[in-house]
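Open the structure in your viewer and follow this short tour. Each stop says what to select and what to look for.

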Amino acid sequence: MKFNAPKSANQKTLQKPKNTKYVLKRLSQYLLHFKWMILLAIVLAVISNVLALLGPMLSGKAVDAIELGKGMVDFKTVFYYCFIMVIFYVLSSVFSYILSILMVKISQKVVYQMRRDVFNQLMRLPIGYFDTHATGDIISKISYDIDTINTSLSNDLIQIVASLITVIGSLGMMIAISPTLLLVFCFTVPLSIVLTKYMTGKTRPMFSKRSRALGELNGFVEEMVSGQKTITAYHQEQNMIERFDKQNENAVTAYYRAEYYGSMVGPTVNFVNNLSLSLISVFGAILFLMQHLSLGDITSFVLYSRKFSGPINEAANIVAELQSALAAGERVFKLIDEAPELEDCQDAVVLENVKGAVAFHQVDFGYTPDRPILKKVSFEAEPGQTIAIVGPTGAGKTTIINLLMRFYDPLGGEILIDGQNIQSLTRESLRKNFSMVLQDTWLFEGSIFENIAYGKDNATLEEVMKVAKAAHIHTFITQLPNGYDTILSNDGVNISKGQKQLLTIARAMLLDSKILILDEATSNVDTRTERQIQAAMLSLMEGKTSFVIAHRLSTIQNADLILVVQDGNIIEQGTHDELMALNQFYASLYQAQYS
Amino acid sequence: MRTMTNYIRPYLLRMGYGFVIKFFGTIMDLLLPWILAYVIDDVIPLKNIQMIFVWGAIMIVCSILALWANIFANRKASGVARDFTRDVRHDLYVKVTDLSSKQLDQLTIPSLVSRLTTDTYNMHQMVGMIQRLGVRAPILILGGVVITMTLEPVLCMILVATLPFIGLTVYLVSRKGVPMFSSLQRYIDQLVKVVRENVTGIRVIKALSKIDYEKKRFEKTNQTVVDQETKANYTMALINPIMNILLNVGLVFIIIVGAQRVNAGISEPGKIVAFLSYFTIILTAMMNVTRLFIIYSKASASADRIEEVLLKTKDLQVKELPVLTSDYFIEFNHVNFSFNQKELVLEDIDFHLKKNQSLGIIGATGAGKSTIIQLLMRFYDVSSGSILINGKNIQSIDEKTLREMFGVTFQNDTIFSDSVSENIRFGRALNDEQISLAAQNGMASEFIENLSEQYDTHLEAKGANLSGGQKQRILISRALAGHPKILILDDASSALDYKTDALLRQAIVKNYPETTLIMIAQRVSSIMQLDHILVLEEGKILAQGNHASLMQHCDIYRELAVSQMGGQIYEV
């Protein structure tokens, strides 16, 4: 469709404050729906980790019973504790499996909901959004970005809970052993917080950049693979490979940069832990010499300090994943937050019992305010009339249709249907009163029957066959191996552009609406077929106010009103005979046909 | 997966280097507890505070070395992952550009796109992770086993005995889980397809108020994806708990057996304590190995999908065929063609075109007009018969030479997201003058000059910011720009008004005298001035000749002409 947006429209949207808190808040709104399941998950995580934490203590007790030495081992105690250990470990494992299942369930529910929200948002967005955003980019949000969030949710949440429990548990143990020695952590914990914060600040933009670079690669690949035939025809493979390499380089470099800093996190946290260990060794030894601690105390303190810092180390590994998830979340939420098509006005009425009178009054429009496409356009069409719009390409013909169906709203003036301003109507009822056949045919992957019946709920096979016959596509369909059940595949070679257009004509014929739009509706149909379906087209137009855009002037000679559009203005209007008599632009166009 | 290992091979040395550094770092990590033990056992009894500080300093030095080594190795690993991914993605794309139309039809475009993107991302992630975790974990396991071996060989055997069970668990679970991830990918492709359809058809969907219907359709695929992913993850989640049970039961066995041995005086309690801590180290390392395994299994599904494309053999080979002397420039000799080896799309297509003769093809939708062009350009091979250019069978002309003869505009051709001039130039060595000349002859210069940045104006992907007519003009200019030997316009001017269409034809005749024009059209007026016209119906040539002779002999052609031109028939 016609659209003359400035090229920066795409790039501009990428700059936005990186707002972690906001993304987290939005994510937690999703999680809140499952608060009971999450609560259960947390309880399970606590139980399973506490059981696991108790394991070493139990084995310690068992070891105590062994420690008595040769011939004096208290087997009864050893077996007792070993038995409890087995039970604890088995329970812990069972709980942890249930926990995993629960988390998979929760994250899948969230992902399901999120994909649905993105999709529903897509359905709400104004047409302008699709005119300005690459398909591949939109798709990468609903697949790759949401998938990243998914991975992070299902793995990282449990990890975080488990880490917290272990940290708190071992902290308690250490306090019990020696509060003095715990002072070591007063140095190392803040150090690790500062370092982590510093690194997070550094890596976060890198991960956003990575997300963006991958999005760009997606868009590029989509474009190139779709245009493969053209590339081959011009033997530009080598050239495209070079361009691909550049995109590829950007993507892998962005990925590398993110990892370059992201992979610092793990070793750094590990370093802080090692530092703690060194300090504990030194000060523990000194405390021991001052007889504040026993040897056994130091040993268990070190063990627990390992347990204490181990999960922190793990959590640091997760930070990288969390960050890409946040960056992905930001992109997803940005789409969800995109301003939807304006709400119908509050007292919007449902358009009913349409007669089909259409009027434009002084309509101004431009896709960007600084570049007017239509200037003070006015015309009136009575019910049942056929209005043809002619003019050179780029003059604004399709724009009139865009405005009429409220894909865009005019910047000035008003558009009336049966005397009602279309902005005072609900969009759905407005659009329901149109049927249209466009130059760019659109069919989806589904059976031919489904494609024709698309606009009418509960259409019967008889009805579909009737319109298919009228559109002269029935014979072709019956020759297909599966007839009306033949699945149209997206890139299928089994159907030509003209046949596609006939299917969309059949689709429009099935609708029962008062206003018809034919935007180059037969541009891909050969003239012979076109002539054969002429009768059907006429009966389709009968009793309807029809707007016809066509280049073949022969098809519009009989229109009740011909609007000649040039440079955003209607320069001539009238019937064919009137315009020929006027002997200006239209007449020259008409004569040019046969030169 | 096999092909992927070939891609790893060039980096083995670099990986080895990284591994050595990582090994060093891991050893530093392992040294710390050993030093601590030494301090407790041997330094403290000396009651020498200075020595304690010295050993403390040594520990800190080790920590710093470990920090450096791990960061260094991780970065090396990321570098290898980057280079590996770059190679794979490059080769994959090269392969995609090399696929024949038939292969493209089979693999489908959306699936190729996801192989080039999602699947290569998975590979990237795996190669990085395997290097970062894959060295540390085995070292910890191996180191653990070696040290426990020296401590207590019998207890060590128990530990080692649990390992095969763990291996078996991982193997069995992933054998079930991996195929699940492969089919998951297929469902994701389906989901992407639905989204793509909705994005491209949004106008129709809104106009027909089918939003709720589409939402339901999406919900259905969304649900399938979620169900499949849940199932796959449930299976994979089995690995960890089972491993935990195995290892910890092993631990209990060690205590029980150890108790017996201590009681018998063969072992000491201290060794058992040491054993337990090493057991923990090994357990953590094993956990990391399974994590790797899960990533590996996900990535191997991706690797297979990538490989499937990489292993495709070129299916349009250049053959050695004799060159015939011929008066004709382009010849179709009794060509039959079928896409699926079943129904013929083209039947007995036979025509001969002399140098500088122009060709028009007209016929009903689906008559096979575009297919003729696709065969001439060798996007597909004929099923039988032959196509010759200058007496040379096109199957014997190498692709580059063949394709360079053509300038072509397909039905629904592609505008790339790039500037206007780049879209016309399309990578060829053409200067600005040639570009603007082509635009002039392609009837595009007028509207281009009215754009905000003229030839530098950025066009959206698929020409979203152009009208149908503007797109066609740019595409025609692209085809003209290379001064091709053969210019093919496949319904390329359907969105142009008659006046522009006529001017275009005049410009081509006047300014491209060396170019053989082939035009597919639905308007008689577009082709009536061409030297030779084929009237096609249902894959067969109904009649051929020039306009005048067709007007005389071909009823259908005459009917067409009359209906389109309202009885004003011009003799040429």
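Start with L487(B), and remember that this is a predicted model. Which residues is L487(B) in contact with, leaving aside its neighbours within four places in sequence? Select G407(B), A479(B), L480(B) and I508(B). Then add Y512(B), T515(B), L517(B) and I518(B) to complete the set.

Now widen the view. L487(B) is among the residues with the most contacts inside the largest nonpolar core, which has 315 residues. Select V78(A), I389(A), I452(A) and A506(A) as well, since they share that listing.

Next, pick helix α9 of chain A, residues 237-289. This helix gives the most to the core, with 21 residues. Colour domain 1 (8-337) and domain 2 (344-433 + 516-521 + 549-595) of chain A separately. Both domains give residues to the core, so it lies between them. In soluble globular proteins, nonpolar side chains tend to be buried together.

Show the whole of chain A. You should find 20 helices and 12 strands. Of its 595 residues, 50% are buried. Look at contacts between residues at least 6 apart in sequence: in chain A, 80% of them join residues at least 24 apart.

Last stop: where the chains meet. On chain B, 140 residues are in contact with 143 residues of chain A. Which helix of chain B gives the most to the side that touches chain A? Select helix α3, residues 49-98, which gives 24 residues. Finally, colour that side of chain B by class: 67 residues are nonpolar, 49 polar and 24 charged.

Methods: Residues numbered from 1 in each chain as written. Chains lettered and ligands numbered in written order. Predicted model: local features only at pLDDT ≥ 70, side-chain atom pairs only at ≥ 80, totals over all residues. Helix = DSSP H or I, 4+ residues; strand = E, 2+ residues; numbered from the N terminus. Buried ≥ 20, exposed ≤ 12 C-beta atoms within 10 Å, placed from the backbone. Contact = placed C-beta atoms within 7 Å. Core = buried A, V, L, I, M, F, W, Y, C linked by C-beta atoms within 7 Å. Domains from an automatic or database assignment. Nonpolar A, V, L, I, M, F, W, Y, C, P; charged D, E, K, R; others polar.
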